Amino acid sequence: MRLVHVNVTQLRVAATCPRLHWFDARATAERQDGRTVVSRIWRKGGEAPGCGALFHTAVERFNAAAASSDEVLAALEAAGDAPGLQQALMRWFNASCLNLDALAARPVPLRLGFISAVQLYMEELARLAAHARAAGLPAAELRAQLFGDSRKRVDVTFHVGEDVHVHVTGAIDYVYFDPRLGKHRIVDYKLTPATSPNSDLFQIFTYALMHHHQHGTRPDVAVLYLHPTRSVREARWEEIEAKRGKVHELIASMVAWSDHAVGAGGLAPPGDRAYCGGCKHERSGACVAQLGHKDVGAWDRRWTALEATRGGGAPEGREPTAASAPAADEPMVEDDPELDEALAVVKPAVERPKPAPARGRGRKAPAEAPPGGARPAEAPPGGARPAEAPPGGERPTPAALDAGARPPQARTASVTGMLLGFDDGGSPVCVDPAVLRTHVSVVGAAGSGKTWMAKVIAEEALRAGVPVVAIDPQGDLVQMMEARPPSDVPAELHRAWEELRQRMEPRILTPGSSHGLRLCLDPLRLPSAGELSHIANPALRAEEEEGLLVAVAANLVSLCACGGEEESQRTFLYQVLRHLPRAAPVRLRDIVAAVTAPEDLGIDDVDSLIRKSERERLARKLNTFVQGPSARLFSGGTRLDFTELLRPSKPGRVPLNVVYLNALSNDDEKHFFLAALATELYRWMITTVDATSGGVNLLFYIDEARDWIPAGGSKPPAKQPLIRLFTQGRKYGVGCLLCTQSPRSVDYNVFGNTSTKLIGRLEAAQDVERVIDWFTIEGGAPLWVAARKGAPKGSFVARWPDMPAELAGRAFKGRTLFTRHAGAWSPDRVERAVTEAGLRAQAGDAPGAGGVDASSPARRSPGSR
């Protein structure tokens, strides 16, 4: 697979004029220092040359500074009408963003054009803001919507050929949520006559398509011409979606034009005459001399031909792992004299001290890549290990494995990242830990070694500093609490084994029983207004709150299993949860009381929601979980709390939380508990994790996924909450890992959101066909798939984002496990192991415990948190 990296600015340049992109690609190759040459150019606006460069530079500076400006916040708070707000924003813009002396020295036509354009821009902004404030949107939320939307950044991959993927990163400047329309819009501002609106709209179509692929926003777009005459051209999302094939052709053509520029085949590009007046290659004559007449050149149409043979439409963009690509703000050389002049007028940004990241709010930003895009160097073999840090902070990269004496078939001296295993030649197969963010699936028939391989991934995640929550329905995963004897580990892996042993902090969690650290679901965690206040869009904030309450109501109805009209029961319970006060924790007995007497909460006309007989039956069944023999899930032990589960007992340790379900008495309780856990994990994600931080915050590992997320119309309680984790988790750095014997048995939504797949031995022809379908969608059915039928035990072939070409289709065997792997453990065996390991005695000190286990007299030490 060939992976090509470009940034948003390069994409804009290519959409502006293909030949400009060609010259930039050649200049980048000639530099040989890894820096990308980008020629930023604007069509001339008649009497105001250079005004476009100045305007865009100044407004970009304004938007960036306004996001944290107290003065802008005060102006929004005091906004009475649009004209007054416009004047306040203009005053702050002049004082904070412009060097007025430098502007005064510029030609009069340029100054007049620039001032006129900025006034129109601020007028549009003030109208939008005044409307939002009149509708009751708080000033702080409005400022975040207008200037602080982190979703302006994009990081998507387009499949544009049989084996070509183009990874696009960067930021889209003029993206905002328009409360007047109730949706996102992307607006581009032009300081030129509207002579080619279709071409101008196409440039912004590319932004909209990327933004939708990354964030699911379905944005409308507009091109607003500010000078010399104000006019606007708009397009709705439906029109953009219909023309997405043209965007894919542009991206495919960029690859072909770049190849041609460096003499690697490809295609010669055509030219766009609209920009010739401001192009240095036109003035020097190089454009025609080297590439011929402007009408000469071609586009890469293979993408269209490829999709025609498959009978499919444009494939969706895919989120790659951010850590495996150049940084979004990669080093660039911007080749534009007018931009240099604009920078003399616009004040530079003032660096503000960054606050220390809150514990549990994500990762620190990765170090800036040096010229050439190289990643920071790993620790040398045998050298000093990087400083350890808790999972809430910056993680060290795993040190390279021991480079001492070892057999030639295990060449591990240069290993970096997560070591999955070794190929037939003894070469290590490694993957960047960041792929965990985009989810991993391990598929293989019974006895193929899939659980072994999934445990390897979990161990490597822990070595990389990623906390793990593993759902163990049978007793296979709980054994990870015990290290494999060092005599069973090859000498060349001893350092990695020791590193895991030193870092891993195992906790065995047993809901409804005291065989391990007992977990309890009471009180219930309902979202509060304060927890969701960071979501700037009020409509989205209300949707998230409603979704969480609906999920809790559905989980309770499924647990009660009263029969009758379940939809009415869910609707009624949702209304109860919505009306319950949330200032204090909500206990199950509070819900029982509210179901019994809903009028006390102010719920009117209850009979229109649910029949009285069903409401009474629901109240009786819920009460059995408070006072009856079924109260095991809601009494005793420690409240389920992900913040505590992921907090280590001391710096440098990484929690492994194994949730052992086999002590529960029946499948209904197992399904209910997993549904409640997945719902709570989602609540923790959206209320606690900084979605903009990058990195991997948690690996959520679920074994035997077909039991919980089955294909087809079957809907066990945990199915929808788990699917939501797969569709939303990557935004918050929550990676999911699943195992299954048959790819046909798990819901297609899960595999559609899993970017990394490891395929073991397959037995059924239908399973082989399903795997072929996956990889046909992702870039052509590989030849190795057929050989997976009857493959040896422990043999896997993998595909992940940004996989090196030399690993594509290469079979390998998983490395030795560093933890115990034997037959499934019974509840009594788990209790004995927990006691012998001293984990029960440590329950009071372990942050993950959050309290004292019901069966243990241990208490928190005075210094514990």
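At what angle do α18 and helix α21 pack, and how far apart are their axes? Keep that question in mind while we walk through this predicted model, beginning close to the start of the chain and coming back to the two helices at the end.

Our first stop is a small sheet. Three strands make up this open sheet, arranged in the order β1-β4-β3, and their pairing is mixed. Because β1 (2-7) and β3 (153-159) stand at the edges with a single partner strand each, one side of each is left without a neighbour in the sheet. From one strand to the next, the twist averages 15°. It helps to recall that strands of a sheet pair through backbone hydrogen bonds, either parallel or antiparallel. Here β3 and strand β4 (residues 164-171) run antiparallel and are joined by seven bridges. If you would like a spot to look for, find Val154, which stands opposite Gly170 in β4.

Now look at what lies against these strands. Helix α9 (residues 197-215) packs on the sheet, where α9 touches β3 and β4. The direction of α9 makes about 95° with that of β3. Helix α1 (residues 8-16) lies across β1, β3 and β4, and α1 runs at about 85° to β1.

From α1 we can step to another helix. The axes of α1 and helix α2 (residues 18-31) cross at roughly 130° and come within 5 Å. That crossing makes α1 oblique to α2, since an angle between 115 and 145 degrees is neither roughly perpendicular nor roughly antiparallel. On the α1 side, the contact is made by Gln10, Val13, Ala14 and Thr16, while α2 brings Pro18, Leu20, His21 and Asp24. Sorted by class, the residues of this contact are four nonpolar, three polar and one charged.

A little before β3 in the numbering you will meet helix α8 (residues 139-147). How much of α8 is covered? Mostly: seven of its nine residues are buried. The buried ones are Ala139, Glu141, Leu142, Arg143, Gln145, Leu146 and Phe147.

Let us now jump further along the chain and visit two loop residues. Pro651 sits in the loop between α22 (642-645) and β17 (654-660). With a relative accessibility of 66%, above the 50% cut-off, Pro651 counts as exposed. Pro651 is 148 residues from Arg503 in sequence, yet their C-alpha atoms are 9.5 Å apart in space.

The other loop residue is Asp522, found between β15 (517-520) and α18 (538-560). Is Asp522 buried or exposed? At 10% relative accessibility, which is under 20%, Asp522 counts as buried. Beyond its neighbours within four places in sequence, Asp522 is in contact with Val586, Arg587, Leu588, Leu633 and Phe634. For Leu588 there is a further detail: its backbone nitrogen lies 2.8 Å from a polar atom of the side chain of Asp522.

The loop of Asp522 leads on to α18, and that brings us back to the opening question. α18 and helix α21 (residues 612-627) pack at an angle of about 90°, and their axes are 10 Å apart. The two helices, α18 and α21, are therefore roughly perpendicular to each other. Leu556, Leu559 and Cys560 of α18 meet Leu618, Lys621, Leu622 and Phe625 of α21 in this contact. By class, the contact has six nonpolar residues, no polar ones and one charged.

Methods:
Residues numbered from 1 in each chain as written. Predicted model: local features only at pLDDT ≥ 70, side-chain atom pairs only at ≥ 80, totals over all residues. Heavy atoms only, no water. Pairing = 2+ DSSP bridges. Helix = DSSP H or I, 4+ residues; strand = E, 2+ residues; numbered from the N terminus. Axes fitted to C-alpha atoms, helices over the stretch in contact; angles between N-to-C directions. Contact = heavy atoms within 4.5 Å. Parallel < 35°, antiparallel > 145°, perpendicular 65-115°, else oblique. Nonpolar A, V, L, I, M, F, W, Y, C, P; charged D, E, K, R; others polar. Buried < 20%, exposed > 50% of the residue type's maximum accessible area, 1.4 Å probe, protein only. Polar contact = N/O pair within 3.5 Å; in protein donor to acceptor, adjacent residues only side chain to side chain.
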